[in-house]
Amino acid sequence: MKFDIIIIGGGMVGGALAYTLSKGPWQIALIDATGPANEDTRLIALNEGSCCLFKNSGIWPDLAPYAAPIQQIHVSHQGHFGIARIEAHELGLDTLGHVVPASHINSALFTALHTAENIKLFCPATLKTLTQDADTVTISIDTAQGTEEYTANIVIGADGSHSTVRELLGISTQEIDYQQSALVTITQLARDHKNIAYERFQEEGAIAMLPLTGTQAATIWTASNTHIRHLMQLNDTEFLQQLQQQFGYRLGRLQQIGKRAIYPLYMQQAQQQKKQNVLLIGNAAHTLHPIAAQGLNLALYEVAMLTEYFLAQKSLKRCLQNLPFDYLQQNFRLSLSHGLTELFSKDLFPLNMARQAGMIGFDQCILLKKYFTSHAMGKSGHVPSLFFNL
């Protein structure tokens, strides 16, 4: 059986790409090993462009009840002067984005995929082999019915950091292990968070407190693997005391925490993003530190770019050869995530003074804020139509 496009990986990136491409005339196969990740504990900060993609593709009504808007971003450094703030109204925006639990994004996408008549979902199914000639790609997958073989004009690998597609293509990666982990939980608050997203840098790592619906905050605490293991061993009362002490009282007295989960942190970049008729996107192409919330937002920008590009093609044969990916966007976001991690990980007096001066200067300069947010939201250079607030 032949498809026009086969997407490997049905998570948030692969699912979003399959659904946006379903508006075109193609037959699409989506290969996923596990199905909707309803146990996904990640808490996702979607920038304004990513929210527009979900709105324009018709998925937003299923996300809106669980989406908390971000009206302000507040950045500080524990024990040092200077703060940096970005407010939506001063940039002429309704919001800077929304925070949505990943489980709801996965569920909404999985529901939407079943409504598209030109998407064939193989789940659970795992990729075993991949070969290609000048015009087509042939894959074999293991399913409950046995091994099956399919061909397509294009295969897209959206199968995460440990990408099987990337491995079968023989594409190497450049990696930086930060020796850090992220602890993720939900914190109950005593008062309204006023839709402010806080990022508080520590001597070691950072604590992000992001608004959720009601009086809840998404808590992402990044630190060394050793320190995160220690935090995981504390009971809830002890952990809450540590969180209050390290974050402070900008959100009042913290009341309660939910289940804690940890994720290892590293940066990984594939040495090639495309090989003949196969393309890597999302974490299969680049895994970022979560410090600037760029990982999924960069992947969704790529989804919007690809959808716009494919819809403009008369034929999909060999069309990846002329793919106009905005590598400046990728490099900016990779550099931003890595640079902030490095910048706030060193405790040197001259660097501390420079950081404080930089944060104060940034806080006072509207033009600098507009430049920064336009790049961070994918609103610089070419902006794909799905990223517009139509």
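Me: What makes the largest nonpolar core a core, and which residues have the most contacts inside it?
Reply: The largest core has 51 residues, and Ile7, Leu46, Phe54 and Phe310 have the most contacts inside it. A nonpolar core is a set of buried Ala, Val, Leu, Ile, Met, Phe, Trp, Tyr and Cys residues joined through side-chain atoms within 4.5 Å. Helix 8 (residues 295–311) gives the most to this core, with ten residues. A helix here is a DSSP run of H or I, at least four residues long, and a strand is a run of E, at least two, both numbered from the N terminus. A second, separate core has 23 residues, including Phe122, Ile139, Val278 and Ala285.

Me: What do these values rest on?
Reply: The model is predicted, so local features need pLDDT of at least 70 and side-chain atom pairs need 80 or more, while totals for chains, interfaces and linings use all residues. Residues are numbered from 1 along each chain as its sequence is written, and side-chain values use heavy atoms, without hydrogens or water.

Me: Which residues does Leu46 touch?
Reply: Contact means heavy atoms within 4.5 Å. Leaving out residues up to four places away in sequence, Leu46 touches Cys51, Phe54, Trp60, Leu96, Gly97, His98, Val100, Ile105, Leu296, Asn297 and Leu300.

Me: Why is Cys51 called buried?
Reply: Its relative accessible area is 1%. Buried means under 20%, exposed over 50%, and partly exposed in between (1.4 Å probe, protein chains only). Therefore Cys51 counts as buried. Cys123, at 32%, is therefore partly exposed.

Me: How do you know that Cys51 is in no disulfide?
Reply: A disulfide is a pair of cysteine sulfur atoms within 2.5 Å. The count by this rule is zero. For Cys51, the nearest cysteine sulfur belongs to Cys52, 7.1 Å away. Cys51 therefore fails the cut-off.

Me: Why is Glu203 called exposed, and where does Glu203 lie?
Reply: Its relative accessibility is 69%, so Glu203 is exposed. Glu203 lies in the loop between strand 13 (196–201) and strand 14 (206–211). The C-alpha atoms of Glu203 and Ala223 are 9.2 Å apart, with the two positions 20 residues apart along the chain.

Me: Which elements give two or more residues to the lining of the second largest pocket?
Reply: They are helix 4 (102–113) and strand 12 (173–189). Strand 12 gives the most, with three residues.
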